[in-house]
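Okay, thanks everyone. I'd like to walk you through one chain today, so let's get it up on the screen.

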Amino acid sequence: MQSLISFACILLCWINAIHAKPPHHQYCIIGSGPGGLQMAYFLQRAGRDYVVFEKNNISGSSNDEFNLRHDWNSLLSDDQSLLMSRYTNDYYPHGDVMVKYLNDYAKKLKLNIEYNHHILQISRIKHKQKGYEDLSTDTSQYKDQNVIILGYGNSAFETAQSISHVASIIHVVGRQRIRLATSTHYIGDL
């Protein structure tokens, strides 16, 4: 009888999971290994809406021992009790020590981790991106802002130059290295 009740509870949970609307977060991290936990720490510290999805019931257990042994540095945090040196003096800690360390890190910092979740598909929500023609020419809107400009075209550098006196930081990013017209002798280059 108890196994029948357990089966009914599992079936009910499964049906609810199928019909439940998936949660929406601003940031989703897949995997609670060293990289996933470190990213979660910084997102939490910045007050961002995030979740970590881990397929197992503990952090760091799906990595094989080789990867864990070579990741011997402590993860960054403001808590001095979470230094790897408090767990072992070994230069290459045993995999079990690393798994304990990762789980202690996640618990002590109260990171938002959803265990036992298998990610089957990832899709991107398409957003309309602003083009050059959509941007404001009022430079006061960029005062003390960090700005990233995609592309190395002339309009990208004209935009960067026009807001350089008010923006805090400007990053100009492109797929390839910058081609200077003085080197290539092509008028279309920068």
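I'll go from the overall picture to the strands, and then to a few single residues.

First, a caveat: this is a predicted model. The protein chain has six helices and five strands. If you read along the sequence, the pattern goes α-β-α-β-α-α-β-β-α-β-α. There are 190 residues in the protein chain, and buried ones make up 25% of them. The accessible surface comes to about 14400 Å², and carbon and sulfur atoms account for 54% of that. For the contacts, take the pairs of residues at least 6 apart in sequence: 54% of those contacts join residues at least 24 apart.

Okay, strands. There's an open sheet of three strands, in the order E1-E2-E3, with parallel pairing. Why do E1 and E3 each have one side without a neighbour in the sheet? Well, both stand at the edges with a single partner strand each, so one side is left free of a sheet neighbour. E3, by the way, covers 113-114.

Now look at how E1 sits against E2, which spans residues 50-53. The two run parallel and four bridges join them. If you want one pair to find on the screen, take isoleucine 29, whose bridge partner in E2 is valine 52.

Then there's the other pairing, E4 with E5. E4 is residues 146-150, E5 is residues 169-173, and they pair in the parallel sense over five bridges. Asparagine 146 has isoleucine 169 as its bridge partner in E5. To get from E4 to E5 the chain goes through helix H5, residues 154-163, and this β-α-β crossover is right-handed.

Right, single residues. Let's start with serine 32, in the loop between strand E1 (27-30) and helix H2 (34-45). Is serine 32 buried or exposed? Its relative accessible area is 0%, so serine 32 counts as buried; the cut-off for that is under 20%. And what is it in contact with, leaving aside neighbours within four places in sequence? For serine 32 the list is Leu37, Val52, Glu54, Ile58, Ser59, Gly60, Ile113 and Tyr115. You'll recognise Val52 there: that's the E2 bridge partner of isoleucine 29.

Moving to the surface, Ile30, Ile119 and Ile122 make a nonpolar patch of about 300 Å². Isoleucine 119 is in the loop between E3 and E4. At 35% relative accessibility, isoleucine 119 counts as partly exposed, because exposed would take over 50%.

Last stop, backbone angles. Which phi sign does lysine 110 have? Lysine 110 has a positive phi, about 55°, although it is not a glycine. You'll find lysine 110 in the loop between helix H4 (95-108) and E3. Its relative accessible area is 68%, so lysine 110 is exposed.

Aspartate 144 gives us another case: not a glycine either, and its phi is positive at about 60°. Aspartate 144 sits in the loop between E3 and E4, which is also where isoleucine 119 lies. Aspartate 144 comes out at 57% relative accessibility, so it counts as exposed.

That's my tour, and I'm happy to go back to any part of it.

Notes. Residues are numbered from 1 along each chain as its sequence is written. This is a predicted model: local features need pLDDT of at least 70, side-chain atom pairs count only at pLDDT 80 or more; totals for chains, interfaces and linings use all residues. Side-chain values use heavy atoms; hydrogens and water are left out. Two strands pair if DSSP finds at least two bridges between them. A crossover is right-handed if, with the strands pointing away from the viewer, the path from the first strand over the helix to the second runs clockwise. Buried means under 20% relative accessible area, exposed over 50%, partly exposed in between (1.4 Å probe, protein chains only). Contact means heavy atoms within 4.5 Å. Patches are made of residues with over 30% relative accessible area and no salt bridge: like charges are joined within 9 Å, nonpolar side chains (Val, Leu, Ile, Met, Phe, Trp, Tyr) within 5 Å. Accessible areas come from the Shrake-Rupley method with a 1.4 Å probe; for residues, only the protein chains shown count as cover. A salt bridge is a side-chain nitrogen of Lys or Arg within 4 Å of a carboxyl oxygen of Asp or Glu.
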